[in-house]
Amino acid sequence: MVSVRQVQITFDCADPWRVARFWCEVLGYVLPPAPEGFTTWEEYESSLPPEKRGADGAAASDPTGAGPRLYFQKVPEGKVVKNRVHVDVRAGTGLVGQERVDVLEAECARLVALGGTRLYLQEADEENESCLTMQDIEGNEFCLD
């Protein structure tokens, strides 16, 4: 019998904290608490010598514990090609037709206001319902479905 394992989804990025905050807003996730003695991560970061600022990584987690942990790691190179794996944000589960599209477009508008980019709507066909393709603030593709 195979046991279920926990997974972590890792994003390569230039600014881990910025991308982590974006995805916290998208999914309702939370950042870990700031280190002891600091009220915020910004306060902690500003206490470091200049050469140590600019975190190499940041994490975000589902406060209910149901969803996977997200980890954002700093890498020197920028994104150059389409993602081979992407996140599907289940915004329209159970909805069909125009009602589904309206919900996807409303969520898209919220995420664009946070810095996301709307790419295109894939209209429903005989096999699949509509979904909306977007990019996060560093160009990583994801779908609202």
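## A guided tour of the chain

Welcome! Colour the protein chain by secondary structure, and you will find 3 helices and 7 strands. Keep in mind as you go that this is a predicted model. Following the chain along its sequence, the elements come in the pattern β-α-α-β-β-β-α-β-β-β. For a sense of scale, the C-alpha trace spans about 55 × 40 × 30 Å along its principal axes.

**Stop 1: the sheet of three strands**

Select residues 8-13, 57-60 and 69-74, which are strand E1, strand E2 and strand E3. Together, these 3 strands make an open sheet ordered E1-E3-E2, with mixed pairing. At its edges stand E1 and E2, each of which pairs on one side only. Now turn the view a little: neighbouring strands in this sheet are turned by 20° against each other on average, direction ignored.

Zoom in on E2 and E3 next. These two strands run antiparallel and are joined by 4 bridges. To see one residue facing another, pick Gly57, which stands opposite Gln73 in E3.

**Stop 2: the sheet of four strands**

Which order do the strands of the other open sheet follow? Its 4 strands are arranged as E4-E7-E6-E5, again with mixed pairing. Select 87-89 for strand E4 and 117-122 for strand E5: these stand at the edges with a single partner strand each, so one side of each has no neighbour in the sheet. From one strand to the next, the twist averages 25°.

Add residues 131-135, strand E6, to your selection; E6 pairs with E5 in the antiparallel sense over 5 bridges. Here you can pick out Gln122, whose bridge partner in E6 is Cys131.

**Stop 3: helices across the sheets**

Show helix H1, residues 16-27, and you will see that H1 lies across E1, E2 and E3, running at about 155° to E3. The helix also lies across E4 and strand E7 (141-144), where H1 runs at about 40° to E4. So far you have seen H1 against strands of both sheets.

Then select residues 97-113. This is helix H3, which lies across E5, E6 and E7 and runs at about 10° to E6.

**Stop 4: a pair of rings**

The structure holds 8 aromatic pairs. One of them is formed by Trp41 and Tyr44, so show their side chains: the pair is edge-to-face, with 5.8 Å centre to centre and 90° between the planes. Both residues belong to helix H2 (residues 41-47), where they sit 3 residues apart, about one turn of the helix.

**Stop 5: the largest pocket**

Finish at the largest pocket, which holds about 520 Å³ of space. Which residues lie nearest the centre of the largest pocket? Select Phe11, Asp12, Lys79, Asn83 and Asn140, which have that place among the 21 residues of the lining. Colour the lining by residue type, and the residues divide into 9 nonpolar, 5 polar and 7 charged.

Which strand gives the most to the lining of the largest pocket? Go back to E1, the strand at residues 8-13: E1 contributes 5 residues. That brings the tour back to an edge strand from the opening stop.

Notes: Residues numbered from 1 in each chain as written. Predicted model: local features only at pLDDT ≥ 70, side-chain atom pairs only at ≥ 80, totals over all residues. Heavy atoms only, no water. 1 Å grid on protein atoms, 1.4 Å probe; cavity = no way out; pocket = protein on both sides within 12 Å on 5 of 7 lines; lining within 4 Å. Points joined across faces, edges and corners; volume = space filled by probe spheres on them. Nonpolar A, V, L, I, M, F, W, Y, C, P; charged D, E, K, R; others polar. Pairing = 2+ DSSP bridges. Axes fitted to C-alpha atoms, helices over the stretch in contact; angles between N-to-C directions. Contact = heavy atoms within 4.5 Å. Phe/Tyr/Trp six-rings, centres within 6.5 Å; stacked < 30°, edge-to-face > 60°.
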